[in-house]
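Here's a friendly tour for anyone meeting this protein model for the first time. Have a look at the picture, then read on.

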Amino acid sequence: MPIQNDMRYNAIKITIPQAESILSELFNIKGKITELPGEIDFNFRVKVEDSEGYILKISRPNENQDYLDFQQKLLLHLEHNTNGFTTPQIRKDIKGNVISEMVDPQGNQRKVRLLTWVSGRVWSSVNPQLDDLRFSLGEQCGMLTQALLGFDHEEAHRNLVWDVAQSLWTKDHLHLFSSEEKDIITAFLNPFEAFQNTYQKLRKAVIHNDANDNNIVVSEDLLHPKVKTLIDFGDSVYSQIINDVAVACSYAIMHHNDPLEASLALVKGYHSQFPLEEVELAHLYTAIAMRLVISVTKSAINKPKEPNNPYLLISEKPAWEVLKKWKNISADFAHYSFRYACGYTAHPQEIPFNNWALKHNFFHSNLFPTVNKNEIHPLDLSVSSTWMGHQEDFNNLELFQFKIDQLQKQFPNSILAGGYLEPRPIYTSPEYDKIGNYGRESRTIHLGIDYCLPDQTPVHALFDGEVVIAVNDAGDKEYGGLVILKHSTADFSFYTLYGHLTVASATRHKVGDIINKGDQIAVLANYPENGNWVPHLHFQIMLSILDYKNDFPGVAYYKQINIWKSLCPDPNLLFKSKGLQKVKPISNEKILQYRKQHLGKSLSLQYHTPIKMVRGAGPYLMDEHGTKYLDTVNNVAHVGHEHYQVVRAGQQQMALINTNSRYLHENINDLAKELIETLPPQLSVLHFVNSGSEANELALRMAKAATDEIDFIASEVGYHGNTNMCVDVSSYKFDGKGGKGAPEHTHIFPLPDAFRGKFRGIDSGEKYADEVQKLIEKIHKRGRSIAALIVEPIISCGGQIELPEGFLAKAYQLVRSAGGICISDEVQTGCGRMGKTFWGFQLHNVVPDIVTIGKPLGNGHPIAAVACTREIADKFANGMEYFNTFGGNPVSCAIATEVLRTVKREKLQENALNVGEFLKSELILLAKEFPIIGDVRGQGLFIGVELVGANKNPLAAQTEYLINRMKDHGILMSSDGPDHNVLKIKPPMVFSEAHAKDLIYYLRKILNEDFMTSF
Ligand SMILES: Cc1ncc(COP(=O)(O)O)c(C=O)c1O
């Protein structure tokens, strides 16, 4: 049977040469023809020289004339009512017909139409498809519906399997599916059938009804693509307008982890051009599903008939994927989300509830009569709360309870409470995470109020209610004993939730039990019974309980905050308590404004919309909403952001004394010992300072003092700090924006870049060293000699440039022969980051005379160091005291000592080696897949990825794009190099293989995007 049908399909197929002769005979047009997909018509693209070209549509044999007439009239209507909507124009044949006729070689009557081509890309070829694009799709669909108002045709009222309104036909084909598939389909069919009454009354019009991947034309702009128009009116029909939205959504939400989120921009765009009614939005969730049900049913029916028609199968798999995900989304939650997208209150009862609550006054003493307090002292458990402190501290429940008790003692007449819509750092188990459309997302937003009260405190009912849930929600769930009550007012009902109760007191209730105002509901539990936190009541109001039967979320995703806020109103609407009133945090715009007015303009900010970071943990940073970012940039947070032992070392020492190094203290010696243990024996003297710049400034001063010379040799695009002398040896600065070129006493050798530099390849080390020799000779010619060579072992600002083999040893030898000193700037590379070695210079088997150490030493605290030989130190100590107010103070030294000990204790140098090697090998694989990656280099967790075009031309715009798109997926990256085309990867050293895998996964995703592949 299938083969027979396949033969039938091939028999009616029109070939390209046939299409060419049809075009020439009927329209007298010659052009280059290519085949396009089509479900009914055979479609061809016609390219001609002097215009955008055409689409040639040849019908199947004996196509219904009325059907084609309908489409042509519709197009003619649009030509006169465009309303901003671009439409293809009809081209008449040489006889003046809008529909031509011909007979195919088999003797069949075929109808032919020619329309102007609308240039652009089809939707399916656009990557990525982001909210802006889906919004513009919604806009175009809405505009088209608007333009079609007033148009009608008999054929618009035909039977059409693709019409959502007629989709109950699918019921007869349920036998084609497995039982799992059947369950999914009936989950939508049943409500669709049940809601027919209201559905039938929705607004109807002629709608496009087929905004599928191949019918949407998108602009060629790769950075900000917009939908230009919709084509193919073959499925247009007179139907409920909401079905048009549903059809567009059903395709546009495919291939997304969170299809609901993906649909919202489209709905919003549609509503902006064609306002949708509240009652229509109530049907959208099911209408979207029914379009997908039609799709999978059509595929199931047609598959055996025309196995070689790929168009029939093209959306079957993704349609099933969406249907499965769609079924797991609450229909009510989707409804509220659509409402919010269209500017209505997310929950229809939000305003009635607020008005009702305004008219009533409740007291906390009604909720907790035995406590009998009405005052509230706000409890700040937010991500940015300094009272919460370190994660290790708030995870220690005894310590946390102690802090609560102390606070309670301070405010004996108040109940400690708060938390509504608070973004919190405490929900760290994986059940609070999901992978959304843009990477990992965590639930952080608390939806109720937490009252911190002793266990066994009785909780009483504020109003009459009926028990709808009374369960033991312990185990891996959140609440311990949980009770949810339903309350009814004259106009609506709502729910109240009581969590963290003793299991016995919660479960003595049965569903349906009536609880009267003032009755005791239950008593509070202690941990671990209460879901493992300090005793407290979680009190929450809900206007619906969605599909929940035994549970209800108390914490939500930040991205959905507006929906949840409407669904779960502020419980303080009942109490109107001052202590529970939200203090509005200072907005980021205000912070930015102040910064612009009062901080120096030359301070830059990362990202177009700067992020406010409020907390760090390991390799992650967290913004004020609790959104986590994986940090691949920050080699300052060397042993991980806010490493507990490091934080404690600083806190503990700060509590005792912090003073300058003129008093004796063992901390400075301890730190010196830790550092000396890692350095070659020659480098035995240390000076402690406060920044990398200060370290290099001191190193340069020492070199001057030791040699009596003032000429320095440094690398092109090198950076060594922000002081006068450091900038004078930093080509990155004086050769960059605002710079005035090299000063008289600075001599720059070319960036030793074996990939794209003056000399290339593995044997270029010697040649670059010769350049250093040339500079020495130049200095000598001026009658002077050299003070020092300063260079990093991997030139970071230069674009993670690894010094070519042999360069450093030869350069050191040349400099020393000329009487100069060799300074290794290890501000970026030091303290184990190289993996194979603790210091960068050790990779080159050399021993510098001076080593400068900065960023990683204090894990974020300002401490840096200069290590040098005894000889240089003694020459520097010429009688002038070196005093540094903060350098080497006991607090900074305690911190730095703990950092170095942590590197050893946690084997972070080994981790840098192992994870670094893994990451590098994965990046090299990625480079094979994506030619844009020209080079992968670096050592340990200090890696560079250079993005170039076919001729090694640097691709700065693509690099910036990649960094911004990675940020959208919760991964922080940065770029550098003279051409801003090198990704610098230098994460905290606790970066694991799993983090590296995440990084690679999203790099691959973004490298596939249009802007990255079209250079
Ligand atoms: C190689 C190198 N040296 C010195 C410095 C200056 O260090 P700081 O910013 O701590 O003054 C930097 C800073 O980025 C650096 O990258």
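Is Cys-249 buried or exposed? With 0% relative accessibility, Cys-249 counts as buried; that label means under 20% relative accessible area, while exposed means over 50% and partly exposed is in between, using a 1.4 Å probe and protein chains only.

## Before we start

This is a predicted model, where local features need pLDDT of at least 70, side-chain atom pairs count only at pLDDT 80 or more, and totals for chains, interfaces and linings use all residues. Residues are numbered from 1 along each chain as its sequence is written, and side-chain values use heavy atoms, with hydrogens and water left out.

## Cysteines on their own

A disulfide here is a pair of cysteine sulfur atoms within 2.5 Å. By that rule, the count is zero disulfides. Cys-249 is in no disulfide, and its nearest cysteine sulfur, in Cys-141, sits 8.6 Å away.

Then there's Cys-831. Its sulfur is 14 Å from the closest cysteine sulfur, that of Cys-893, which is too far for a bond. Cys-831 is buried as well, at 1% relative accessibility.

## The second largest pocket

Some ground rules for empty space: the search runs on a 1 Å grid over the protein atoms alone. A cavity is a set of points where a 1.4 Å probe fits but cannot get out, a pocket is an open set with protein on both sides within 12 Å along at least five of seven lines, and lining residues have an atom within 4 Å of a point. Grid points are joined across faces, edges and corners, and a volume is the space filled by probe spheres set on the points.

The second largest pocket holds about 850 Å³ of space. It has 27 lining residues, and the closest to its centre are Asn-328, Tyr-548, Tyr-557, Gln-560 and Trp-564. Helix H8 (259–273), helix H12 (316–327), strand E14 (433–436) and strand E24 (555–557) each bring at least two residues to this lining; helices (H or I, at least four residues) and strands (E, at least two) are DSSP runs numbered from the N terminus. By class, the lining has twelve nonpolar, four polar and eleven charged residues. Nonpolar covers Ala, Val, Leu, Ile, Met, Phe, Trp, Tyr, Cys and Pro, charged covers Asp, Glu, Lys and Arg, and the others, Gly among them, are polar.

## Two closed cavities

Searching the whole structure turns up two cavities of 30 Å³ or more. The largest has a volume of about 40 Å³, and its lining is made of Phe-192, Phe-195, Gln-196, Tyr-199, His-283, Thr-286 and Ala-287. Helix H6 (196–199) and helix H10 (284–302) each give at least two of these residues. Four lining residues are nonpolar, three are polar and none is charged.

The second largest cavity holds about 30 Å³. Around it sit Leu-926, Ile-933, Val-945, Leu-947, Leu-962, Leu-983, Leu-1003 and Leu-1007. That makes eight nonpolar residues, with no polar and no charged ones. Strand E38 (942–947) and helix H33 each supply at least two of them.

Helix H33 (residues 993–1007) is also home to Glu-993, which is partly exposed at 38% relative accessibility. Leaving out neighbours within four places in sequence, Glu-993 is in contact (heavy atoms within 4.5 Å) with Val-915 and Phe-918.

## Rings that meet

Phe, Tyr and Trp rings (the six-membered one for Trp) pair if their centres lie within 6.5 Å; planes under 30 degrees apart are stacked, over 60 edge-to-face, and the rest tilted. The structure holds 31 such aromatic pairs. In one of them, Phe-177 and Trp-320 are edge-to-face, 5.7 Å centre to centre with 75° between the planes. Phe-177 lies in the loop between helix H4 (131–148) and helix H5 (179–194) and Trp-320 in helix H12, so the pair ties together parts 143 residues apart in sequence. Both Phe-177 and Trp-320 are buried.

Ring pairs also link Phe-353, Trp-356, Phe-362, Phe-463, Phe-492 and Phe-494 into a cluster.

## Backbone oddities

Most residues other than glycine have a negative phi, and most peptide bonds are trans. Asn-372, not a glycine, has a positive phi of about 55°, and Asn-372 is exposed at 58%. Leu-546 has a positive phi of about 50°, but Leu-546 is buried at 12%.

The peptide bond from Asn-127 to Pro-128 is cis, with omega near 5°. Another cis bond joins Tyr-527 and Pro-528, with omega about 5°.
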